[in-house]
Amino acid sequence: MHTAVRLTVYGAAVVLLAVGAYAAGTSAGASTDHLRAPAAHAPAPDTAAGPQQPGGLASTAGGFTLEPLRPVLPAGTGAEIAFRITGADGAAVTDFDVTHEKRMHLVLLRRDTAGFQHLHPTMSGDGTWRVPATLDGGGTYRAFADFVPAGGAPTTLGVDLSAPGPFEPVTPQPSRVAELPGGYQVRLDGELAPGATAPLTLTVTRGGRPVTDLQPHLGAAGHLVVLRGGDLGYLHVHPEDTPGTGPEITFHAEVPSAGTYRLFLDFRHDDAVHTAEFTVPAGGAPAPAGDGHAHDEGGHR
């Protein structure tokens, strides 16, 4: 069953991130209420100039700040990521809107785009968010908190986390076909066009047969993550319409510039969340078909 899915800001679907560069600046905004952003609340940088402007470069935006409680985490073993979102007065924010079935979405990956994880922390009464995570190796990781303060605008904040220890840098090669555990294959069709909206269709098969019984994942047919080389810009959008059942999931995406992009598709089947990875250029020659990196989260996401 073909599912055409259009995109809007926020959710757990398309993320424009960066590969390689270190950018951890902050930007300031105005807010008079740390618990509820009023209608006049200045939008965060990733929403102020339209949904396709990268965000997540800052730990502070629009009067909100992402404060990690443990900026250094162990590698190769279970750890806990803990953080707070504070308002302009420094107090923890505790009132958030539910979007895509969650009040907080946390995207975590190493700066070379390895170790991608889409997590959903839980909040305690004092405004502390916590979620277990395992970092595959040492290096610098970027954590993105994607949320909507109650009554306010979608906001994305980013911060670096460090994991001591050695690691092997990843250099993804162009690819449009991802082979996943369990016999899944996902193919990406379509071209990224800088400054223009373009359709991207992801087709899911298993054992050579179309998968026509995809399950909703956070209220959507699938979620697409796109990473841009050159900075750590972040743009999050999500499908608008009712989830379909596959095998095709079509997104309409707009990238802001030419370059190479990393794409991650999350989809649910047989009660497990699977992630397919691709590397695609924009504004240049199409990438050849080839095997992409992939991983299977075994239903825990």
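Arg187 comes out as partly exposed in this predicted model, with 34% relative accessibility. Its salt-bridge partner is Asp189, and the closest N and O atoms of the two are 3.3 Å apart. Asp189 is likewise partly exposed, at a relative accessible area of 35%. Neither residue qualifies as buried, because that label needs a value under 20%.

This pair belongs to a wider set, since side chains of opposite charge can pair when their charged atoms come close. A search of the whole structure turns up nine salt bridges. One of them ties Arg176 to Glu191, with 3.1 Å between the closest N and O atoms. Here the link is between distant parts of the chain: Arg176 sits in the loop between strand E11 (155-163) and strand E12 (177-179), whereas Glu191 sits in the loop between strand E13 (184-189) and strand E14 (198-206), 15 residues apart. The two ends of this bridge differ in cover. Arg176 counts as buried, because its relative accessibility is 6%, while Glu191 is partly exposed at 38%.

A further bridge brings together the side chains of Arg262 and Glu277, at 2.8 Å from N to O. This one also links distant parts of the chain, running from Arg262 in strand E19 to Glu277 in strand E20, with their positions 15 residues apart. Both Arg262 and Glu277 are buried. Elsewhere, Arg111, Arg142 and Asp160 are joined into one network by salt bridges that share partners.

The Arg262-Glu277 bridge leads straight to the hairpin that carries it. Strands E19 (residues 259-269) and E20 pair in the antiparallel sense, over 11 bridges. Two residues lie between the strands of this hairpin, and Asp270 takes a positive phi near 55° there. Across the pair, Phe267 stands opposite His274 in E20.

E20 itself (residues 272-282) is mostly covered, with 11 of its 11 residues buried. Cover is found on either side of the strand: Ala272, His274, Ala276, Phe278, Val280 and Ala282 point one way, Val273, Thr275, Glu277, Thr279 and Pro281 point the other way, and all are buried.

His274 is worth a closer look. This residue of strand E20 is buried, as its relative accessible area is 3%. Its side chain still finds polar company in the backbone. The backbone oxygen of His269 is reached at 3.2 Å, and the backbone oxygen of Ala272 lies 3.4 Å from a polar atom of the His274 side chain.

The turn end of the hairpin also meets a loop from elsewhere in the chain. Gln215 is found in the loop between strand E15 (209-210) and strand E16 (223-229), and is partly exposed with a relative accessible area of 22%. Leaving aside residues up to four places away in sequence, Gln215 touches Ala220, Arg268, His269, Asp270, Asp271 and Ala272. In one polar contact, a side-chain atom of Gln215 lies 2.7 Å from the backbone nitrogen of Asp271. The C-alpha atoms of Gln215 and Val273 are separated by 9.4 Å, although the two residues are 58 residues apart along the chain.

Another loop residue, Thr99, is found between strand E5 (78-86) and strand E6 (105-110). Thr99 counts as buried, because its relative accessibility is 16%. Its C-alpha atom is 9.8 Å from that of Asp146, with 47 residues separating the two along the chain.

E5 also takes part in an open sheet of five strands, ordered E3-E4-E5-E9-E8 and with antiparallel pairing. The edges are strand E3 (60-61) and strand E8 (122-123), each of which pairs on one side only. E8 and strand E9 (residues 128-134) run antiparallel and are joined by two bridges, with Thr122 standing opposite Arg130 in E9.

For the chain as a whole, there are one helix and 22 strands. Of its 301 residues, 53% count as buried. Among contacts with a separation of 6 or more, 72% involve residues 24 or more positions apart. The accessible surface comes to about 11500 Å², with 53% of that area belonging to carbon and sulfur atoms.

Methods
Residues are numbered from 1 along each chain as its sequence is written. This is a predicted model: local features need pLDDT of at least 70, side-chain atom pairs count only at pLDDT 80 or more; totals for chains, interfaces and linings use all residues. Side-chain values use heavy atoms; hydrogens and water are left out. Buried means under 20% relative accessible area, exposed over 50%, partly exposed in between (1.4 Å probe, protein chains only). Helices (H or I, at least four residues) and strands (E, at least two) are DSSP runs, numbered from the N terminus. Two strands pair if DSSP finds at least two bridges between them. A polar contact is a pair of N or O atoms within 3.5 Å; within protein, one must be able to donate a hydrogen and the other to accept it, and residues adjacent in sequence count only if both atoms are side-chain atoms. Contact means heavy atoms within 4.5 Å. Accessible areas come from the Shrake-Rupley method with a 1.4 Å probe; for residues, only the protein chains shown count as cover. A salt bridge is a side-chain nitrogen of Lys or Arg within 4 Å of a carboxyl oxygen of Asp or Glu.
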